[in-house]
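Ready for some practice in reading a protein fold? Keep the structure open beside you and try each task before you look at its solution.

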Amino acid sequence: MPTIQEVAKQAGVSVATVSRVLNNSGAVSVNTRNKVQSVIDELNYQPNLLGRNLRRSETRMILVLLENIANPFYSKIVKGMEDTAHENGYNVLICNTNTDINLENVYLDFLRNKLVDGVIFACTAMGTKEFNKLAEQYPVVLCNEYNKDIKAPIITIDNEVAGYDATSHLIKLGHRKIAMITVNNVGSSYDRMNGYRRALKDASLQLNDEYIVYQNFSYKGGIRGIKQLFELEEPPTAVFCISDLVAVGAIKELKRQGLKVPKDVAIMGFDNNSIAPMYEPSITTIAQPRYDIGKKTMEIMFERIKGNLNSSYIVKLEHELIVRESTLPSVH
C-alpha cells in the first residue's frame, strides 16, 4: 500500500503539499494540485482517514437520534441532513431510540467518547434539566420536536399557526363538531392543540373537552382515538389528527364502523407523509417542509461545531395546507 511519502517523492513535492491537496487547501497552485492528484490516482493512494481525524480531534460524523426510522415522516428529513452533511465532508450515523432513556444514553456515549462531533435529536427521552446540561457541553440541535425551556437550537414549523389553519379549514367547510386526536407531553402537539383551541374560539364555537383525546403518533392511535370519540352520545363530524399515520388509522376504523369519509366524517391529517396522497380517500393535511427542516438542522449543527455560542433559539419554517379528498363541506 503506497504511503504519503511515496506520493510526495514521485510528484516531486513535499509531504505537506500532498497533505494540502488531500485537504483541498487553496494554498496550492492548479498545476501542482493536478500533478499530485495524478500521482495519487496512479498509485491508488488511500489516506488514513481515522489517523487524520484523530490528529484534527474531529470525526466528521454526526449522530442522528430518531424515535423510529420506520416512521415515513423522517425519510425526507434524514435525506436533507445527509445531503447537507456530505456537501460539507461529513457523514451521518442514524440510530433508533424508541424514546428509551437507557438506549438514548448508550448512543450518547458516542458523543462523550468523541466518536461523533455532534448530536441531532428528532426527539428525546431526557428531562429538560439533563438535556440542557448536555447542550452546554456539546454541539446539540433539536429537529422538529421540542419541550418547553429547552436551551438548544430548535428547527421546526409554527405548530400553533398550523393547528389553527387545519382547524379553520374544517370550520370554513361548515363543521361545528370538530374533535382532535393528539398526544401528550410533546411540544409540537401542545402548540397544535393551542391552535385548534384558538380557531374554535375565533369562530365562537364552544370547546368540548370530550372532543380532545390523547393517543400516540401511530396508526393504532388513530383507531383507538376514533373508537373513543364515536362512543360519545354526540360524536364529531370532523376530526383533526395529529399526524397522517393517525389519520390513516382513524379512516380505517370509521370504515369498519360503516361510516364514509368525508361524507359522514371529515378527516384532517398532519405532516404530508408519502401515504397521505396515496390513501383512499387521499388525506387533507398540513405539509411540513421536511427536506428543508433536515437541511437547516444540519447547517445549524455545523455552526455549533464551529463554536457559535448562540445556543438557544427557534427557527420556524413555512407550512402549507394541502386540501385532498378526506375533507368536504359538512352536510350535518
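**Exercise 1: A helix across a sheet**

Helix α11 lies across β6, β8 and β9, and it runs at about 160 degrees to β9. Angles here go from 0 to 180 degrees between N-to-C directions, with axes as lines fitted to C-alpha atoms, for helices over the stretch in contact. Helices (H or I, at least four residues) and strands (E, at least two) are DSSP runs, numbered from the N terminus.

A word on the source: this is a predicted model, in which local features need pLDDT of at least 70 and side-chain atom pairs count only at pLDDT 80 or more, while totals for chains, interfaces and linings use all residues. Residues are numbered from 1 along each chain as its sequence is written, and side-chain values use heavy atoms, leaving out hydrogens and water.

*Task.* Check the span of α11, then find its buried residues and what they pack against.

*Solution.*
1. α11 covers residues 244-256, which is 13 residues. The expected span is 1.5 Å times one less than the number of residues. That rule gives 18 Å, and the end C-alpha atoms are 18 Å apart, so the two agree.
2. Buried means under 20% relative accessible area, exposed over 50%, and partly exposed in between (1.4 Å probe, protein chains only). In α11 the buried residues include V246, V248, I251 and L254.
3. Contact means heavy atoms within 4.5 Å. The buried residues of α11 pack against elements including β6 (178-183), α10 (219-229) and β8 (238-241).
4. Just after the helix, G258 has a positive phi of about 85 degrees.

**Exercise 2: The open sheet**

*Task.* Work out the strand order of the sheet and name its edge strands.

*Solution.*
1. Two strands pair if DSSP finds at least two bridges between them.
2. The open sheet has four strands in the order β7-β6-β8-β9, with parallel pairing.
3. β7 (212-215) and β9 are the edges, each pairing on one side only.
4. From one strand to the next, the twist averages 20 degrees.
5. Inside the sheet, β6 and β8 run parallel and are joined by four bridges; M180 stands opposite F240 in β8.
6. Helix α9 (residues 187-202) also packs on this sheet, touching β6, β7 and β8, at about 165 degrees to β6.

**Exercise 3: A covered strand**

*Task.* Are the faces of β5 buried or exposed, and which strands pair with β5?

*Solution.*
1. In β5 (residues 154-157), I154 and T156 on one side and I155 and I157 on the other are all buried.
2. β4 (residues 140-143) pairs with β5 in the parallel sense over two bridges, with L142 as the partner of I154.
3. β11 (residues 314-317) also pairs in parallel with β5, over four bridges, and here I154 stands opposite I314.
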